[in-house]
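This report concerns the structure shown below. Please keep the sequence and the coordinates at hand while reading.

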Amino acid sequence: MPGLGASFGRGAATTFPADLEHSDCILVMGSNMAEAHPVAFRWPMLARRHGARIIHVDPRFSRTSAVADLHVTIRAGSDIAFLGALIHQVLTLDGWFREYVCAYTNASFVLDPRFQDTEEGAGLFSGFDPDKGAYDPTGATWQYEQRDGQPIRDPSLHHPRCVFQVLCRHFARYTAEAAAAICGCTAEQITAVAELLIANSGRERTSAICYAVGWTQHTTGVQIIRAASILQLLLGNIGRPGGGVMALRGHASIQGSTDLATLSDLLPGYLPQPTTAPKHASLNAWVDFEGRKTGGWSNVRSFMVSLLKAWYGDTAFAANDFGYDRLPKLDGDYTQLPCFQRMVDGCVRGLFLFGQNPAGGGPNARLHRAGLRRLDWLVVRDWFETESAVFWRSDPTGPPPEEIGTEVFFLPAAAIPEKEGSFTNTQRLIQWHDRAIDPPADCRSDAWFVYQLGLRLRELYAGSDSPCAAPIRDLTWQYEPRTPTLLANSEISQTVGDPDLEAVLQEINGAGPGAPDGSAQPLASAAELRDDGSTACGCWIYTGVMPEAGHNRARSRTTTGGRAQADWGFAWPANRRILYNRASADPAGRPWSERKRLIWWDQARGSWQGDDVPDFDAEKPPDYRPSGDAAGMQAIPGDGPFIMQPDGLACLFVTRGLKDGPLPVHYEPVESPMPNPLYAQQVTPVVRRFEGPLNMLASSPSAEYPIVGCTFRLTEHYLSGPMSRFNSWLNELQPAMFVELGPELAAERGIENGGWLTVSTVRASIEARALVTTRLQPLNLDGRTVHQIGVPFHWGFAGERVGSAANDLTSMVLEPNVSIHEGKVFACNVRAGRLAGQPRLPTKRWSRRRSQEGRHPSGSRPEGQFGGTDD
């Protein structure tokens with residue numbers, strides 16, 4: 001999210017998959033889109049029928065590669081070098097869209113004279129503190145030079161310190177030849193990709209970039225996405241049909257989960273979670289620090305106050321800071337991976353797991369299982385007994401069950417067809433689904449569980465006057481089931497029906513005064529939010545999804561026939577399908593071309609018209625210029641498409657918001673087969689390490705672990721396997737754990753296709769079947785041959801089909817902005833044969849979810865089903 005957010009203003013995909021049909025060229029990188037997002041890949045295939053070119057850049061040749069016009073093999077972890085070379089080519093070949101860049105980016109802004117780029121700093125920007133291992137959090141030297149309180153600009157782009165000139169110098173060393181020596185491809189391939197993108201961008205044509213976790217799961221992940229953002233801005237592809245950056249997020253509701261704050265450092269709508277620091281000591285302090293004087297984030301007080309009113313109702317008012325003190329304040333890092341390190345250290349007593357499987361799916365899964373063994377209690381809610389639910393019983397690398405003190409509560413969860421609710425998918429599209437069937441026996445939805453837990457906690461705190469009780473006691477919790485029933489034969493009468501989730505969505509949408517009877521009525525737009533406590537809204541970006549009582553726009557299933565499909569579901573914000581779509585028109589409000597028109601200024605109507613909801617003030621004319629003291633959205637000029645930025649301009653150079661620098665830099669992965677040839681600094685200087693006995697790291701380069709490992713996914717399985725390895729049909733399609741390797745490496749190590757091999761890292765070893773395939777080719781890295789292997793991450797020790805866990809191999813080193821792991825690249829070695837000295841997993845195990853009667857059997861598996869092994 002920070003890569004897109006810092007560049008454009010929002011950390012979400014700028015476009016939607018169906019719009020890829022209108023692309024003239026699509027670069028898929030950091031993703032095997034055909035297999036990992038097969039439904040979305042329909043649209044690139046339609047674009048190809050219309051003459052679009054598809055480029056796939058990836059360590060492996062996959063099904064996406066098979067339908068691409070050009071496939072380029074690169075070394076895992078070398079993405080910034082490749083993208084940097086594309087940026088260099090666009091600049092040196094004069095392939096950038098000059099009018100777009102000059103009008104809609106910060107290219108002309110002159111930087112502070114104190115700024116020092118990596119070229120002068122041996123791979124470090126100015127402001128780095130080696131003792132703290134961090135950059136100056138204020139980014140003081142990364143700011144614009146000021147004159148009379150205003151940034152200095154050079155529209156000619158000739159000033160040596162203007163962003164454009166700094167950008168040119170920064171990427172000057174990223175020549176095609178230098179990048180090829182890092183990536184393992186050829187300079188000619190890099191040039192071919194650059195020429196395709198240049199030829200298919202500009203006034204008449206647009207290109208799109210699609211990525212997924214192949215970019216995010218790196219210690220430089222945010223900066224990889226920043227590099228793609230810079231490239232798309234230079235080419236003029238943001239905010240335009242067939243252009244943009246398509247962040248292919250996880251299936252179902254991964255986008256929704258971050259929108260509504262499952263991340264520990266965010267509140268709903270990407271509002272920063274308050275901390276114990278003085279900058280967040282009060283609501284006013286929080287607003288002053290997190291808000292902006294101009295642009296969309298100038299409304300942050302309205303967003304926060306409305307959220308507090310939604311949560312605390314009449315008990316939140318101005319005199320008590322609208323209940324701001326009731327919010328938990330962060331005093332450390334509570335993201336998942338540091339929390340599991342604290343579990344290992346014995347500092348965490350209990351854990352709830354909802355539909356998550358860190359014992360098999362977490363990076364360095366052995367460390368995660370070690371953390372679970374130190375808990376007093378663990379609650380697992382899932383469809384099946386996952387690795388996390390049975391770690392105490394089945395972990396082949398762990399101690400015997402009698403030595404584990406963790407008390408595990410397994411609570412059976414309702415499956416997707418057995419509950420209603422909303423999904424927010426990769427394109428920010430909120431879609432409602434109804435319950436198709438009732439869940440069997442004692443299976444319950446997550447919503448039911450959280451609602452019931454909330455009721456019981458509120459009852460426990462009901463009589464307490466302690467300030468500590470207020471955050472739970474005063475919560476609004478009015479989601480009573482529409483059709484409540486009673487659980488039979490229960491000692492405690494309780495409702496079984498799910499809470500009214502449309503009531504939850506109505507609260508998320510928000511309400512304010514205005515009904516004839518004086519009661520609150522739903523809000524139709526986030527522009528209606530106020531900071532005086534008169535509006536309540538659970539997530540400001542979702543405002544408009546239920547603009548009237550009973551009108552759930554997420555249920556909409558009609559299309560207008562327009563390019564933006566504006567009546568299918570509801571896309572936040574305000575049902576806009578392409579973000580920053582003001583940039584689809586030139587500064588005067590005319591489409592850059594008729595072929596790529598999306599929205600435009602209609603002088604006769606005095607408003608913006610077109611095929612999408614304008615991501616702009618619909619009545620602000622292109623020639624509007626703010627006064628010198630203008631604030632909020634009034635400070636955004638009529639030709640400033642990026643309304644969430646303080647000046648309405650996208651950032652080629654980032655002045656604040658990132659912890660690892662204002663421009664992307666190629667650093668090697670923490671475990672790498674080669675030194676960094678571009679800079680003296682080997683890895684990103686702000687990488688987060690958790691080195692210890694359970695998380696050892698290989699030296700770089702390492703003679704003991706000379707092979708590059710990369711994880712990947714299959715269409716037939718899902719994540720670490722809990723939703724697929726318990727399914728007989730999917731297991732029939734992909735029955736066993738395997739590892740892909742090239743014929744040259746296999747011959748060198750005496751490994752036969754279909755035979756057993758062992759993969760080792762400094763942390764663990766696993767065994768798998770060998771798939772010897774030319775889909776993986778040896779790489780020539782500056783005259784040295786380096787091999788890569790591909791490891792699918794879907795197997796573990798629970799399920800109908802079991803196998804070694806790929807994530808036992810990966811390390812826990814974290815990207816500094818979002819604390820995501822470097823799971824997509826690690827140093828390893830391979831040999832023929834099976835593991836020695838460890839218990840061997842059977843290939844089949846009995847899955848216990850539901851018997852034919854709909855119960856969770858508690859005994860051993862039935863005779864004659866899924867028995868034995870086939871080793």
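The sections below describe sheets, helices, cavities and selected residues of this predicted model.

## The five-stranded sheet and helix α9

An open sheet is built from five strands in the order β3-β2-β1-β8-β9, and the pairing is parallel. Its edges are formed by β3 (70–73) and β9 (245–247), each of which pairs on one side only. Disregarding direction, neighbouring strands of this sheet are turned against each other by 15° on average.

At the β9 edge, strand β8 (residues 207–211) is joined to β9 by three bridges, and the two strands run parallel. Within this pairing, Cys210 has Met246 of β9 as its bridge partner. Helix α9 (residues 187–199) packs on the sheet, where it touches β1 (25–29), β2 (53–58), β3 and β8. The direction of α9 makes about 140° with that of β3.

## Helix α7 and its buried side

Which residues of helix α7 (residues 163–170) are buried? They are Val163, Phe164, Val166, Leu167 and His170. These residues cover an arc of only 165° around the axis, and are therefore placed on the same side of α7. The general background is that an α-helix has 3.6 residues a turn, so residues three or four places apart point the same way. The cover over the buried residues of α7 includes α5 (79–92) and α11 (221–235).

## Tyr174 in the loop after α7

Tyr174 lies in the loop between α7 and α8 (176–183). Is this residue, Tyr174, buried or exposed? Its relative accessibility is 1%, so Tyr174 counts as buried, the cut-off being under 20%.

Leaving aside residues up to four places away in sequence, Tyr174 touches Ile80, Ala81, Gly84, Ala85 and His88, as well as Pro664, Val665, His666, Leu678 and Tyr679. By contrast with these contacts, the C-alpha atoms of Tyr174 and Ile766 are separated by 37 Å, the two residues being 592 residues apart along the chain.

## Cavities

How many cavities of 30 Å³ or more does a search of the whole structure find? The search finds four. The general principle is that rolling a probe the size of a water molecule over the atoms shows where empty space is left.

The largest cavity holds about 40 Å³ of space. Its lining consists of Thr219, Thr220, Gln223, Asp660, Leu663, Pro664, Val665, Tyr667 and Thr684. Pro664 and Val665 belong to this lining, and both also appear among the contacts of Tyr174.

## The three-stranded sheet and helix α19

An open sheet of three strands has the order β12-β13-β14, with parallel pairing. The edge strands, β12 (350–354) and β14 (407–412), each pair on one side only. From one strand to the next, the twist averages 10°.

Strand β13 (residues 377–382) pairs with β14 over six bridges in the parallel sense. In this pairing, Asp382 stands opposite Pro412 of β14. Helix α19 (residues 446–461) lies across β12, β13 and β14, and runs at about 145° to β12.

## Gln431 in strand β16

Strand β16 (residues 429–433) contains Gln431. With a relative accessible area of 19%, Gln431 is buried; the value falls within the class because buried means under 20%.

Where residues up to four places away in sequence are not counted, Gln431 touches Gly421, Ser422, Phe423, Asn425, Ala554, Arg557 and Trp568. Gln431 and Ile198 lie 36 Å apart in space, C-alpha to C-alpha, and 233 residues apart in sequence.

## Strand β25 and its two partners

Why is strand β25 (residues 756–760) described as largely enclosed by the rest of the structure? The description applies because four of its five residues are buried.

On one hand, β25 pairs with strand β26 (residues 765–772) in the antiparallel sense over five bridges. The two strands form a hairpin, with four residues between them. Trp756 has Arg769 of β26 as its bridge partner. In addition, four bridges join β25 to strand β31 (residues 826–832), and these strands run antiparallel. Ser760 stands opposite Asn829 of β31. In general, strands of a sheet pair through backbone hydrogen bonds, either parallel or antiparallel.

Terms used:
Residues numbered from 1 in each chain as written. Predicted model: local features only at pLDDT ≥ 70, side-chain atom pairs only at ≥ 80, totals over all residues. Heavy atoms only, no water. Buried < 20%, exposed > 50% of the residue type's maximum accessible area, 1.4 Å probe, protein only. Arc of directions from axis to C-beta. Contact = heavy atoms within 4.5 Å. Pairing = 2+ DSSP bridges. Axes fitted to C-alpha atoms, helices over the stretch in contact; angles between N-to-C directions. 1 Å grid on protein atoms, 1.4 Å probe; cavity = no way out; pocket = protein on both sides within 12 Å on 5 of 7 lines; lining within 4 Å. Points joined across faces, edges and corners; volume = space filled by probe spheres on them.
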